[in-house]
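This report describes selected features of one protein chain, from a buried polar residue to a sheet and the nonpolar cores. Please consult the sequence and the structure shown here alongside the text.

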Amino acid sequence: MEDCINFRTILQSNHFLVVLDLPELDLEHESNLVLDIFPNECTFTAAPYHARIPLSHPVHPGKAYPENIDYEKSTVTFRVPLDGDIQTAGTEISSYPYGFGRLHNGPLLLETSQELKVLSDPCKYSFPQRWELKETTEQNDFNGEHYGMDYIQFTIDKLGINLENIPLSYKLTADQSYRMRVIVDEKIRQKEVYSGIEDHNPVLLGLIDILLAIMYDRLTNNNELNEANSHINIHRISATLAYFVEFDCVEQMVRSFYRRSCTYPYYRNKEISLVCIQHVLCRATSADSREWFQLQLMHAYEAFKTTDCAVLNHFFIKDYVRYVELGLNEKILMQLMDDMQKALPDIHQAALGFGEEKLLQKLLRDIMTQEDSDESTDSDDFESSEDESDDSNSDNESVTSNEEPNANENVLEKLMNLKLSG
């Protein structure tokens, strides 16, 4: 080990940024990127590197995972919260667990933005509080015009999405297989963390929630990884990843998926959500379900790894990769799949809770009223033209008799005139 890492510490208002230069590491395939934090220093160890990094202000002990990885410059940035985030005027503030299986605790400050809609500090909120924040934010973020326009467009051309474009066979690439093995081997000596889970229900419900978000991204991106928006789709649609929530039952999880998939992605329609659920039901009960789970999780891992969502790989995705390999409880999984199949028809037909049904009715009435008005205007123009020239009308009749009115174009024209905000 060599104690000669080039590093920088940048003091912010409530945290340090610790930037490490690691040119000797293959960051693309290195899993053990963890900063051990002590009250006045932090240490980093990953062969061939080892370093002790002094800090000028007290920080809260624990572990930090990469906030950002620059693969071109071979640098890794960690966020280390100051001790003041946990204590105010000498009074300790409650810190709640988060992440896969509630394995993580202590301060966590995630960057949030217009694109990255994530609960930035889950350690400050209990699970009921996170759920309440999630529901309130969805209510505020739901865009009725966007949802309504997508609803009508879907009835015309399914938004241009091929809902049958889901491969029947799946196979990990050589690079994905290697990456998965590295992730699993990193904690192979701690197998009991995954195999010894007492309550598999919340863990599996979280897994299904993430898989549904991945399927929505795949289906709306032609089954390909979209570097521009796949990470946004997956983390926004999954309440597990965005708000660090846990689900009490299948119905709660499926309802959450419907609400978020009709609020956050570019294409918003319940029928797309339904196809995603049906496909997850099919694949989760197939003989090769474990391999399919692994492939979907690697899709999320690759979508996150070079973005602001990279930290979610450390708190959820990598642990779920290990869980599927080392601790998956297939009996409970099958029971949850059966429960989801039974609950699906009622949930699909139920309202999302945004008042969207009245909104759709109003939107349709407005379009129909506008169409009636246009038809009346067209009729007046036609009668005026008829009075001016019978011969001209006769000539036009031979032309227009071969033209069929295009209802789709008419509806689309009206939709284009509606203002879409947000």
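In which strand is Arg-79 found? Arg-79 lies in strand β8, which spans residues 75-81. The model is a predicted one, and the values below are computed from it.

**A buried arginine**

Arg-79 has a relative accessibility of 11% and therefore counts as buried, the cut-off for that class being under 20%. Its side chain makes a polar contact with the side chain of His-15 at 3.2 Å. The side chain of Arg-79 also makes a polar contact with that of Glu-67, at 2.6 Å.

**The open sheet**

Four strands, in the order β5-β4-β3-β6, make up an open sheet with antiparallel pairing. Strands β5 (49-54) and β6 (62-64) occupy the edges and have a single partner strand each, so one side of each is left without a neighbour in the sheet. From one strand to the next, the twist averages 25°. The pairings are listed below.

| Strand pair | Sense | Bridges | Residues opposite each other |
|---|---|---|---|
| β4 and β5 | antiparallel | six bridges | Glu-41 and Pro-54 |
| β3 and β4 | antiparallel | four bridges | Ile-37 and Cys-42 |
| β3 and β6 | antiparallel | three bridges | Asp-36 and Lys-63 |

Strand β4 comprises residues 41-46, and a hairpin of two residues joins β3 to β4.

How do the side chains of β3 (residues 35-38) alternate? Leu-35 and Ile-37 point to one face and are buried, whereas Asp-36 and Phe-38 point to the other face and are not buried. In a regular strand, side chains alternate between the two faces of the sheet. Ile-37, one of the buried pair, stands opposite Cys-42 of β4. Asp-36, on the other face, stands opposite Lys-63 of β6.

**The nonpolar cores**

In soluble globular proteins, nonpolar side chains tend to be buried together. The largest nonpolar core in this model holds 89 residues, of which Ile-272, Ile-277, Phe-304, Tyr-320, Tyr-323 and Met-340 touch the most other members. Helix α5 (residues 200-220) supplies the largest share of this core, with 13 residues.

Which residues are in contact with Tyr-320, leaving aside its neighbours within four places in sequence? They are Phe-100, Pro-202, Val-203, Gly-206, Leu-207, Ile-210 and Leu-297. A second core, separate from the largest one, has 24 residues, including Ile-5, Phe-16, Tyr-49 and Ile-69.

Conventions
Residues are numbered from 1 along each chain as its sequence is written. This is a predicted model: local features need pLDDT of at least 70, side-chain atom pairs count only at pLDDT 80 or more; totals for chains, interfaces and linings use all residues. Side-chain values use heavy atoms; hydrogens and water are left out. Two strands pair if DSSP finds at least two bridges between them. Axes are lines fitted to C-alpha atoms, for helices over the stretch in contact, and angles run from 0 to 180 degrees between N-to-C directions. Buried means under 20% relative accessible area, exposed over 50%, partly exposed in between (1.4 Å probe, protein chains only). A polar contact is a pair of N or O atoms within 3.5 Å; within protein, one must be able to donate a hydrogen and the other to accept it, and residues adjacent in sequence count only if both atoms are side-chain atoms. A nonpolar core is a set of buried Ala, Val, Leu, Ile, Met, Phe, Trp, Tyr and Cys residues joined through side-chain atoms within 4.5 Å. Contact means heavy atoms within 4.5 Å.
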